[in-house]
Amino acid sequence: MFSPLPSLFSRSIYRVLAVVLVFFLLQQYLYFRKSVSVSEGKLQEDARSCDSLKGLEDVFVVLRTGATEAPKKLPVHFTTTLRCVPHYAIYSDYEEDIEGHHIHNALDEVNPEIIATHPDFEYYRRLQVGGREAFTDQELAQWAAAKNTNGGRDSPGWRLDKWKFLPLAEKALLQQPDAKWYIFIESDTYMLWQTLLEWLSHFDSSKPHYLGMQMQIGDVVFAYGGAGFAISNPALKKVVEHRRGNLNFYDDFTSGHWAGDCVLGKALADAGVNLLWSFPTLSGDQPADMDFNTSFGGQDKKPWCYFATSYHHLPPAEYPKFAKFEQNWNQENAFRLRHRDVFRFYVLPRFSSERDEWDNLSDVDQSEVKSIEDCRKTCESQPDCLQFSFSRESCKTSTGLKLGHHIFENAERVKSGWIVDRIKDYTERMDGSCGHKDWVLP
């Protein structure tokens, strides 16, 4: 008679088999998809790698940033986002040079009385006199840790930011008056220029156009700044001319508001230029945090099926990796990246059965679940559950699929997991919903 093996040994064997099975399933799934290199090797930086970007010379790019974030976030743009762009300007609340690139002051032509007396400009006044050294380490740390609220982010640099949008519209027009398109981005926006140019080719740039990811505050619908937005030359001329005739009104409106992209959206609407709701062509999340099946844009405009033109909230370290991935894709394929391609070939290879110190942004609370093992079982018992997370005896599950991100030191400890053997069915089901969806167009 054979005696049973010790239970500890059995559990170890099962754990090893589980890891092997997860690895095998992922490899089998990826085997049947055309692979695209996500090597972290250097970008091809010679001029030939920019040759395919026909029409980029007709675009003027405005990158908006702030003094406290610029030294950390800007340098990576010089070798990625801005590398092939012939016409661009960077604007901040502080004029300086960073790695040989000039940073302009976006606020130097705001009403001097507002600059001298308005509470929003206290931070600006200190900055102009003393530079970054005007602020203590304690202040900088407090502002960096400020939370987002329903009224925006609670930091003086963020409150000042709303004043930049309308002046930047005028500055962009004056600096590049003959551009066909003006693209406004932030220091954590990633633009896929090849895709953007193909999308813009569907529009007549001699007509007024305002294209962006739709957001709404009160009765104003506007383009979310973080996703990037595009304004045609005639539209920019209309809003600049309209503001010039109503400076006091828009200064008062800006003073009482908290979101500069909304202020610009209102001015455009007042000038007769309405927004084309452009999500998911333009999107407000980074690939790892994005729900590729969200109905934010409507049931018929889920990101999975559409070409990808922008992402937001990318940390600086992610830019070279994603830029290399995009470059490889464009060299190896005659068609542009869709969001589903980004998921399959950039996000999916980083999935695993479970990850420690990781938040995959699961969002449905499950009561009376006391361990990560029980949290997984809860998810597995729900046919449409794809992922779960556990922290402090709190279990969350989700029918969406996100990679999420690492949890940094001093944050709440979270462990996340995915039901890997359901991913293949999920992606095939998503593919079947696409039809002929390509771009968001009028």
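**Exercise 1. In this predicted model, which residues does I183 touch, leaving out those up to four places away in sequence?**

Solution.
Step 1. Leave out the sequence neighbours, up to four places away; I183 then touches V59, F60, V61, V62, M191, W193, L196, L200, F229 and A230.
Step 2. Place I183 in its core. The largest nonpolar core has 70 residues. I183 is among those with the most contacts inside it, together with W193, Y311, F322 and F351.
Step 3. List the elements. Those that give two or more residues to this core are β1 (59-64), β7 (181-186), β8 (189-191), α8 (193-200), α12 (318-332), α13 (339-347) and α15 (423-431).
Step 4. Look beyond this core. Another core, of 47 residues, lies apart from it, and W143, L166, V240 and V263 are among its members.

**Exercise 2. Is F229 buried or exposed, and which residues does F229 touch?**

Solution.
Step 1. Locate F229: strand β12 holds this residue.
Step 2. Compare with the cut-off. Buried means under 20% relative accessible area. F229 has 3%, so F229 is buried.
Step 3. Name the contacts. Beyond four places in sequence, F229 touches F165, Y182, I183, F184, Y210, L211, G212, A223, Y224, L264 and L282.
Step 4. Take Y210 from that list. F229 and Y210 are 19 residues apart along the chain, and their C-alpha atoms are separated by 7.5 Å.

**Exercise 3. How many residues of α8 and of α13 are buried?**

Solution.
Step 1. Count in α8. Here 7 of the 8 residues are buried, so α8 is largely enclosed by the rest of the structure.
Step 2. Name them: W193, Q194, T195, L196, L197, W199 and L200.
Step 3. Find the cover. The buried residues of α8 are covered by elements including β1, β7, β8, β9 (210-212), β12 (229-232) and α12.
Step 4. Count in α13. Here 9 of the 9 residues are buried, so α13 is largely enclosed too.
Step 5. Name these: H339, R340, D341, V342, F343, R344, F345, Y346 and V347.
Step 6. Set this beside the chain. Of its 442 residues, 52% count as buried.

**Exercise 4. Why do the buried residues of α4 line one face of the helix?**

Solution.
Step 1. Find the buried residues. In α4 (residues 122-130), these are Y123, Y124 and L127.
Step 2. Look down the axis. The buried residues fall within an arc of 95°, so they line one face of α4.
Step 3. Recall helix geometry. An α-helix has 3.6 residues a turn, so residues three or four places apart point the same way.
Step 4. Identify the partners. The buried residues of α4 pack against β4 (101-105), α3 (112-117), α5 (137-144) and α6 (156-161).
Step 5. Step past the end of the helix. Just after α4, G131 takes a positive phi of about 65°.

**Exercise 5. At what angles does α11 pack with α7 and with α9?**

Solution.
Step 1. Know what to report. Two packed helices are described by the angle between their axes and the distance between the axes.
Step 2. Take α7 (residues 165-175) and α11 (residues 260-270). Their angle is about 60° and their axes are 8 Å apart. The two are therefore oblique to each other.
Step 3. List this contact. F165, L166 and A169 of α7 meet G260, D261, V263, L264 and A267 of α11. By class, that is 6 nonpolar, 1 polar and 1 charged.
Step 4. Take α9 (residues 233-244) and α11. Their angle is about 95°, with axes 9 Å apart. They are therefore roughly perpendicular.
Step 5. List this contact. A235, V239 and H242 of α9 meet L264, A267, L268 and D270 of α11. The classes are 5 nonpolar, 1 polar and 1 charged.

**Exercise 6. Where do H313, E357 and P280 lie, and what is special about their backbone?**

Solution.
Step 1. Recall the background. Most residues other than glycine have a negative phi, and most peptide bonds are trans.
Step 2. Check H313. Its phi is positive, near 65°. H313 lies in the loop between β14 and α12, and is partly exposed at 38% relative accessible area.
Step 3. Check E357. Its phi is positive, about 50°. E357 lies in the loop between β15 (354-356) and β16 (358-359), and counts as partly exposed at 23%.
Step 4. Check P280. A cis peptide bond joins F279 and P280, with omega about 15°. P280 sits in the loop between β13 (276-277) and β14 (310-312).

Technical notes. Residues numbered from 1 in each chain as written. Predicted model: local features only at pLDDT ≥ 70, side-chain atom pairs only at ≥ 80, totals over all residues. Heavy atoms only, no water. Core = buried A, V, L, I, M, F, W, Y, C linked by side-chain atoms within 4.5 Å. Buried < 20%, exposed > 50% of the residue type's maximum accessible area, 1.4 Å probe, protein only. Helix = DSSP H or I, 4+ residues; strand = E, 2+ residues; numbered from the N terminus. Contact = heavy atoms within 4.5 Å. Axes fitted to C-alpha atoms, helices over the stretch in contact; angles between N-to-C directions. Parallel < 35°, antiparallel > 145°, perpendicular 65-115°, else oblique. Nonpolar A, V, L, I, M, F, W, Y, C, P; charged D, E, K, R; others polar. Arc of directions from axis to C-beta.
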